[in-house]
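Me: I would like to learn how to read burial, helix faces and charge pairs from a set of coordinates. Could you take me through them one at a time?

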Amino acid sequence: MSHAHSHMGSGSRTTRRAFEFGKTHVVRPKGKHQATIVWLHGLGDNGLSSSQLLESLPLPNIKWICPTAPTRPVAILGGFPCTAWFDVGELSEDGPDDWEGLDASAAHIANLLSTEPADVKVGIGGFSMGAAIALYSSTCFAMGRYGNGIPYPLNLRTVVGLSGWLPGSRSLRNKIEVSHEARRRAASLPILLCHGISDDVVLCKYGEKSAQSLCSAGFRYVAFKSYDGLGHYTVPREMDEVCTWLSSRLGLEGI
């Protein structure tokens, strides 16, 4: 925790340099383009490995955009630099959230989706830390703004988070309760959370608590699926669930 606290110290906003995002990989739809989803990798990974997983899925109507996070020092790794969407000290209810890093990544993702055709539905998904950013983006969508107050530009249609957690969960309900529009947007967004019961990196309880936080804040359309024997990785039956969910929630034609 000491790393995280020092990182968020009083001078961090002025001394911290802007991190550059890595290469973005795109998997083009094999059929009619009906939806575009940004998929976000986990800590230390890259967009290429995401694209290789996604291009094998039987979802011909989806265009996948797979960005690569910036390389930055990460407190939970003792300051060791690797690809990370934001800085994280430790996973706990009381851990400080890197709002600046969260907003920067959420804005980068929104920018990637901003040029999609108006008739194409847009969504965000991810694994582990990527799932955390996907879920954070869902809260920005509901509130209509990022944590820093800048307006959020997208009309998100679905969010998927695998083996992840929700940053900023403690204050979420208070932020959404005060706005009729925020409550309406939260109630309209389908969110799928999947988690392995044997996950020893991001414990399953964090996935469950994230689902509970979203529900209590007014996200009415949250599904939480847990998998016996699954650790901190994905398996075909989980990806099958994701495919079924996306086809149904996005109304994909499958051709």
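The dialogue below goes through charge pairs, a helix face and two buried positions.

Reply: Before we begin, please keep in mind that this is a predicted model. Let us start with charges, where the general idea is that side chains of opposite charge can pair when their charged atoms come close.

Me: How many salt bridges does the count come to here?

Reply: The count comes to four salt bridges. In one of them the side chains of E181 and R184 meet, with 2.7 Å from N to O, and in another E181 pairs with R185, where the closest N and O atoms are 3.6 Å apart. E181, R184 and R185 are thereby linked in a network of salt bridges.

Me: How far apart in helix α7 are E181 and R184, and what should I make of such a spacing?

Reply: The general idea is that an α-helix has 3.6 residues a turn, so residues three or four places apart point the same way. In this structure E181 and R184 are three residues apart in helix α7, and are therefore separated by about one helical turn; E181 and R185, being four residues apart in that helix, are also separated by about one helical turn.

Me: Which of these residues are buried, and which are partly exposed?

Reply: The dividing line to remember is that buried means under 20% relative accessible area. E181, at 35% relative accessibility, counts as partly exposed, and R184 is partly exposed as well, with a relative accessible area of 42%, whereas R185 is buried because its relative accessible area is 18%.

Me: Where do the buried residues of helix α7 lie around its axis?

Reply: The buried residues of helix α7, which runs over residues 180–188, are A182, R185 and A186. They cover an arc of only 100° around the axis, so they are on the same side of α7. What covers these buried residues includes α5 and α6, the latter spanning residues 169–177. At the start of α7, moreover, a side-chain oxygen of S179 reaches to within 3.3 Å of the backbone nitrogen of E181.

Me: Which salt bridge links distant parts of the chain?

Reply: The side chains of K225 and E241 meet in a salt bridge, at 3.7 Å from N to O. This pair links distant parts of the chain, since K225 is in strand β9 (residues 222–227) and E241 is in helix α9, 16 residues apart. K225 counts as partly exposed at 33% relative accessibility, and E241 is partly exposed with a relative accessible area of 29%.

Me: What is the nearest side chain of opposite charge to E238?

Reply: E238, which is found in helix α9 (residues 236–250), is buried yet has no salt bridge, and the nearest side chain of opposite charge, that of R237, is 8.1 Å away. Leaving aside neighbours within four places in sequence, E238 is in contact with L162, C194, H195, Y227, L230 and Y233.

Me: Is A131 buried or exposed, and which residues is A131 in contact with?

Reply: A131 lies in helix α5, residues 129–143, and counts as buried because its relative accessibility is 0%. Beyond its neighbours within four places in sequence, A131 is in contact with G126, G161, L162, G164 and W165. For L162, which is 31 residues from A131 along the chain, the separation between the two C-alpha atoms is 5.8 Å. L162 is also among the contacts of E238.

Technical notes: Residues numbered from 1 in each chain as written. Predicted model: local features only at pLDDT ≥ 70, side-chain atom pairs only at ≥ 80, totals over all residues. Heavy atoms only, no water. Helix = DSSP H or I, 4+ residues; strand = E, 2+ residues; numbered from the N terminus. Buried < 20%, exposed > 50% of the residue type's maximum accessible area, 1.4 Å probe, protein only. Contact = heavy atoms within 4.5 Å. Lys, Arg positive; Asp, Glu negative; His and termini not counted. Arc of directions from axis to C-beta. Polar contact = N/O pair within 3.5 Å; in protein donor to acceptor, adjacent residues only side chain to side chain.
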